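Q: I would like to learn how to read the features of a protein model, one at a time. Could you take me through this one, giving the general idea before each case?

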Amino acid sequence: MSATRFSESVTGGIRNGVLVVTIDNPPVNAISAHVRQGLVKALDHAAALAMVVGVVITGAGRTFVGGADIKEFGKLPVEPALPEVIERIESNSKPVVAAINGAALGGGCEIALACHGRISGDKASFGMPEVKLGIVPGAGGTQRLPRLIGTIAAIDLIGSGRAVKATEALSLGLVDGLAKDHLDAALSLVHDLAGEPLRRTGMLEVPAVEPVAVEAAARKVLSKARGQAAPAEAVRLVKAAAKVDLKQGLADERATFLRLRDSEEAAALRHVFFAERQAGKVDKLEGIAPRKIETVGIVGTGLMGAGIAVAALTAGYRVVGIEQTEAAAANGHARIAGILDKSVQSGRLAATLRDECLAQLVVTANAGELAAADLVIEAVFDDLTVKTELFQRLDRIVRPDAILATNTSYLNPDEIAAATAHPERVVGLHFFSPANIMRLVEVVDCKATAPDVLATALAFARKLGKLPVVCGVTEGFIGNRIFSAYRREAEFMVEDGAAPHEIDAALEAYGFPMGIFTVYDMAGLEIAWARRKRQATTRDAKARYVEIADRLCEAGRFGRKTGRGWYDYSSGERAVDPEVTALIEAARAAKNIVSRDFTSDEIVARLLQAMADEGAALLAEGIAARSSDIDLVMINGYGFPAHKGGPVFAAETHKEATS
C-alpha cells in the first residue's frame, strides 16, 4: 500500500479498499494542529475516492492518541479545533473505525468515541484524565461516553479520570471487539459496516437507569474530590447527557471546558503536571547510563521493608529479604505475601502475577544471600549506630559493584556512607509508607554518591512506578523538613489561641484529606517526641518551643493507638477532649500568652507561608533543585491538595492575588 502524506504527522494508504490513516506524532501521538489538519484532509481524500469504502484510524508506535499537545497550552488556537474534527468523523458518510493500538487518552478517547466502530488491541487502554488537570473533556467526551456505556460507568471514568484496560473497555461496551491483530479486525469491520446505516455515537439514546444509582455513582466520585470543581462539573455534564440533545450538551461542555481551563485550579494542576515531567532530571547525569538491576536485597521486612519488597516484585525484580532470625524471616515472607493477596482481592493484581512475584521472593536470616544482589536497600530501625554497623557488614557480603541504599527518614546518610569501604556506592532512597502504594521516593544524592549510582537509583524508582525527587543531604530531607516547619507553625497557633480541631477543620476545608493534628494522632506522637528529646541538647535556647506535644506524650497520649492523643478516640470516633483543652490553656498561662481567635483563612495562610519559607531555605541551600520539586514532595508524601499546586505555588499565587 503506497502512502499519502496528509500532514507532517498523518499518512494514509489504501488497503483492501479501506484508507488506513496512521497518526505518527511521537512520543505520544498528541493531537497537535498538524494531526487535526491531517485527519480532516484524510477524510476528504476518502470521500473523494469511489474505490474507498471506509476509513481506519490508528496510531504509530505504542500509543493510539495520548491527548492534547501540551506545547499548545496557553497559545492561540489553530484551526481546526478538535470538536470540529470529531464532528467530521462522526458525520462521515463512509464508515470510520478506530484500530486502537495503545493508549487512547483524553482527546484520543474522544476521537475513538466519534468513530462508527472501535477495535482494541490487547495493549490498548482508555481514559479521560482531564479532571486531573482541573478541566473536563472538551470535545464531546461527557456527552458521547454515557450514550455508549451508560451514565453510571461514564460518571466513574470521567469523574475520577481513571484509565481502563482493553478487557474492561470491552465489558463496558466502550469497544466493539478485542483482537490480537487489531488492524486486520478493523478492516473487516469497515467492510461489515459499508452500505449499512452507521451507528453514530452522538445520536444514540443514553440507556435508562435508576436515578438513585446515578446519585450513588455521583456521590462516590464527589466524596474524593475534596472541593475540586472539575469532578463536580464532569458529573453534572454526564448526567445532563440523558436530558438534552447532543448539540446542547456539546455547547454546555465546551463552555465549561473553556471556563475551567482558565481557572486557578487548572493552573495549579498544570503546574503539577509539568513539575512531574521535570522531577528527577539532574543536569550532571546527562549521558550517564544507569547500572543493570535484576536482584534487589531488602534488609528488614517490617511494614516499610515489606512494602518496598512488594513494589520491587510487582515491577519484575527478584527480591531477597533479610531478617535477624528464621522466625522473623517467616513472618516477613507472610507479611509480603499478605500484601500481595490483598492486591489480588482488591483487583489491582492478577492472581497469576501474585504467584510469579512469590516465585521471585526469598526471605531468610542468611545475609550471605545478598551476594547476588545488585541493589540492597536497608529498612531497619532509624538509628545511626544500627544502620552504620549494618552497612559495614554489607561491605563484606555484597559485590563491589552492588549499590547500597538507606531508607532513613532523618539520619545523615553521609555519615552512614563515610563508615563504609565504598561511600561512592551509597545513595538514599526514602520511601513513604505504605511503600507499595505511595508514589513518592526522595532520592538522596549524598556527598560521595557516584553519578551512575544516582542514575541507577532514579531508574529503579521509575521502574517501580514511583515519582522520584532528587534532594541533597539535610535532616529530614525535603519533606520532613517542611513538615516540621508546618507542624511548628500549627503548634504556635495552638499556643496563641487556635484549637487543634479549628486548625484541622481549616486544612480539611482547604483540601487536605486530614488535618495535621489528626495526622499526628494516626502516625503516633511518640515518634516525633523521641526525636525532640534527641535534639534537646542542641536546640537553640532562644528559639520559640511549644511543649504541649511533650506534655501529651508524658501523659501517655500517643494518638489513636492508645485511644488518646490530640483528640479522644474512646468512643471509636475522633472527639475534642476537654483534658487537652485544659492542658493547652495551662501552657498558655505559664507563658502569659493572651489567647486570640484565628479565622480559617488566617490559619491556612500562615501554614502555607511557613511551608513556603522553609522551601525557600531548601532552595537557597541547594537541597532542592527546583521549587516544583518541593510542591511534588508535599503533594505526594504529605497530602497537600494537588489542585492547589503545592505550598510554594500556592503561596506565590496568594501573594500575587493580594499584592
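Q: Let me begin with a single residue: does G479 count as buried or exposed?

A: Burial is read from relative accessible area, where buried means under 20%, exposed means over 50% and partly exposed lies in between, with a 1.4 Å probe and protein chains only. G479 counts as buried because its relative accessibility is 0%. Before we go on, note that this is a predicted model, in which local features need pLDDT of at least 70 and side-chain atom pairs count only at pLDDT 80 or more, while totals for chains, interfaces and linings use all residues. Residues are numbered from 1 along each chain as its sequence is written, and side-chain values use heavy atoms, with hydrogens and water left out.

Q: In which element does G479 lie, and which residues is it in contact with, leaving aside its neighbours within four places in sequence?

A: Elements are DSSP runs numbered from the N terminus, with helices being H or I over at least four residues and strands being E over at least two; contact means heavy atoms within 4.5 Å. G479 lies in helix α18, and, once its neighbours within four places in sequence are set aside, it is in contact with E442, V633, M634 and Y638. The C-alpha atoms of G479 and M611 are separated by 9.9 Å, although these two residues are 132 apart along the chain.

Q: How do I read the way helix α18 passes helix α20?

A: Each axis is a line fitted to C-alpha atoms, for helices over the stretch in contact, and the angle runs from 0 to 180 degrees between N-to-C directions. Here the axes of α18 (residues 477–496) and α20 (residues 516–523) come within 11 Å and cross at roughly 115°. A crossing is left-handed if the near helix is turned anticlockwise from the far one by less than a right angle, and right-handed if clockwise; α18 passes α20 in a left-handed crossing. On the α18 side the contact is made by F483, Y486, R487, A490, E491 and V494, and on the α20 side by I516, F517, V519 and Y520.

Q: What kinds of residue make up the contact of α18 with α20?

A: Ala, Val, Leu, Ile, Met, Phe, Trp, Tyr, Cys and Pro count as nonpolar, Asp, Glu, Lys and Arg as charged, and the others, Gly among them, as polar. The residues of this contact divide into eight nonpolar, no polar and two charged.

Q: Where does D629 lie, and is it buried or exposed?

A: D629 lies in helix α25 (residues 627–638), and at 1% relative accessibility it counts as buried. Apart from neighbours within four places in sequence, D629 is in contact with A279, V469 and V470.

Q: Which peptide bonds are cis, for example at P27 and P80?

A: The value to read is omega. The bond from P26 to P27 is cis, with omega near 10°, and P27 lies in the loop between β3 (18–23) and α1 (33–48). Another cis bond joins E79 and P80, with omega about -5°, and P80 lies in the loop between β5 (63–65) and α2 (82–91).

Q: What is the phi of N16, and what is that of R226?

A: For this feature, one reads the sign of phi together with the residue type. N16 is not a glycine, yet its phi is positive at about 55°; N16 is found in the loop between β2 (10–15) and β3, and it is exposed, with a relative accessible area of 58%. R226, also a residue other than glycine, has a positive phi near 50°; it lies in the loop between α8 (211–222) and α9 (229–240), and at 46% relative accessibility R226 counts as partly exposed.

Q: How many helices and strands does the protein have, and why is its radius of gyration said to agree with a compact globule?

A: The secondary structure comes to 26 helices and 19 strands. The radius of gyration is taken over C-alpha atoms, and the globule rule is 2.2 Å times the number of residues to the power 0.38. With 659 residues, a compact globule would have a radius near 26 Å, and the protein has 28 Å, which agrees. The C-alpha atoms fill a box of roughly 90 × 60 × 45 Å along the principal axes, and buried residues make up 53% of the 659 residues.
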